[in-house]
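User: I am new to this structure and would like to understand the reasoning behind the words used for it. Could you take me through some of them?

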Amino acid sequence: MKNTKRILNIISIIALIGLLFIFEQTFDSYKMRIVNLCGIYVILGLSLNLINGFTGLFSLGHAGFMAVGAYTAGLLTLSPAMKQMNFFMKPIVPFLAEVEWSFLPALIMAGLVTALIGFLIGAPALKLRDDYLAIATLGFGEIIRVVFTNTQSLTNGALGLKGLPTHTNIWWTWGIAFITILFMVFLIKGSYGKAFKAIREDEIAAEAMGISLFKHKVMAFTMGAFLAGVGGALLGNLLGTIDPNMFRFTLTFNILLIVVLGGIGSITGTVISAVVVTVAMEYLRVLDEAINLGFIRIEGIPGMRMVVFSLLLMIVILFYQNGLMGSNEFTWDWFLEKKFLKKSGKKEVKQ
């Protein structure tokens, strides 16, 4: 059965690569942007699920971590000429003026800087619990955004960064998304993942078993921040521009929505939910515009897209209170077991 599952995994990976290649060849720029956004939101959803879902820490500072990653990668990949054009009101700090990195080192640095910020925030904040932790992380996220808005010589202030090289493509977004999925699977199956789940279920019992609460909480928070920074860097280089207003707390709620809708503590649910939510949010934009059915013309109502989307979410939550997948994961076992059970059942009937 192990060989069968290995073969099915290889076939699935090849099929996914083939599908991405078909998308790249046939989709226009608008559809490709949606596909890229799906991959980015998979990364962001998994990073928040690691903190909120698997470790049970109610964090609302993800938008701030994304801002750190986006600005770090943006400043490192922006050419010196474009930096001079962007920073016309106040010159950029000298140590960044002539820096221009390739995309991969910039992504890694964005993740590392964000992880450092996550560690510095998490060390004092993780002494709090539940709603108090949520308020503290939300405050830190807003502080990061306000600091970036007012540091003219470092982030260009409220003007943001323009003319970023658009390195992000379907292979970067979904390649990193696939690596993130593998990382999450191996992490959760390992000893650290079991410790995270133990802390989520009962902190007192986990501590009684010898699990260091502070160590594992900070570890989960730092790893989640690293992934959020990478996701923010991909988003910034996909859009080609960065504005501090992009990283308001509403962005965190969008990611939290993906986690809750897919299932808190489910990797598979987060992946499915990220794709469904991203695609639905884009294609429901037609509701904001006038619709001509031939025999009748329906005038568009601004904001109707969000009303309909919210109603759909309410329906899903009513019927699936734990999300689409709950805490379950997709495996080949149910398919293989069902197949073998059918065969064994037939043999038993013949006997």
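**From values to words**

Analyst: Gladly; please keep in mind that this is a predicted model, and let us begin with a side chain in helix α12, where T222 reaches the backbone oxygen of V218 at 2.7 Å.

User: What makes the approach of T222 to the backbone oxygen of V218 a polar contact?

Analyst: A polar contact needs a pair of N or O atoms within 3.5 Å, and the T222 side chain lies at 2.7 Å from that oxygen, so the pair falls within the cut-off.

User: Why is T222 called buried?

Analyst: Its relative accessible area is 18%, and buried means under 20%, so T222 counts as buried. Leaving aside neighbours within four places in sequence, T222 is in contact with A115 and F119.

User: Why is the aromatic pair of F103 and W172 called edge-to-face?

Analyst: The search of the whole structure finds five aromatic pairs, and one of them is formed by F103 and W172, with 5.1 Å centre to centre and 85° between the planes. Ring centres must lie within 6.5 Å, and planes over 60 degrees apart count as edge-to-face, so both conditions are met by this pair.

User: Why do F103 and W172 carry the words buried and partly exposed?

Analyst: F103, at 5% relative accessibility, is under the 20% limit and therefore buried, whereas W172, at 26%, lies between 20% and 50% and is therefore partly exposed.

Note on methods:
Residues numbered from 1 in each chain as written. Predicted model: local features only at pLDDT ≥ 70, side-chain atom pairs only at ≥ 80, totals over all residues. Heavy atoms only, no water. Helix = DSSP H or I, 4+ residues; strand = E, 2+ residues; numbered from the N terminus. Buried < 20%, exposed > 50% of the residue type's maximum accessible area, 1.4 Å probe, protein only. Polar contact = N/O pair within 3.5 Å; in protein donor to acceptor, adjacent residues only side chain to side chain. Contact = heavy atoms within 4.5 Å. Phe/Tyr/Trp six-rings, centres within 6.5 Å; stacked < 30°, edge-to-face > 60°.
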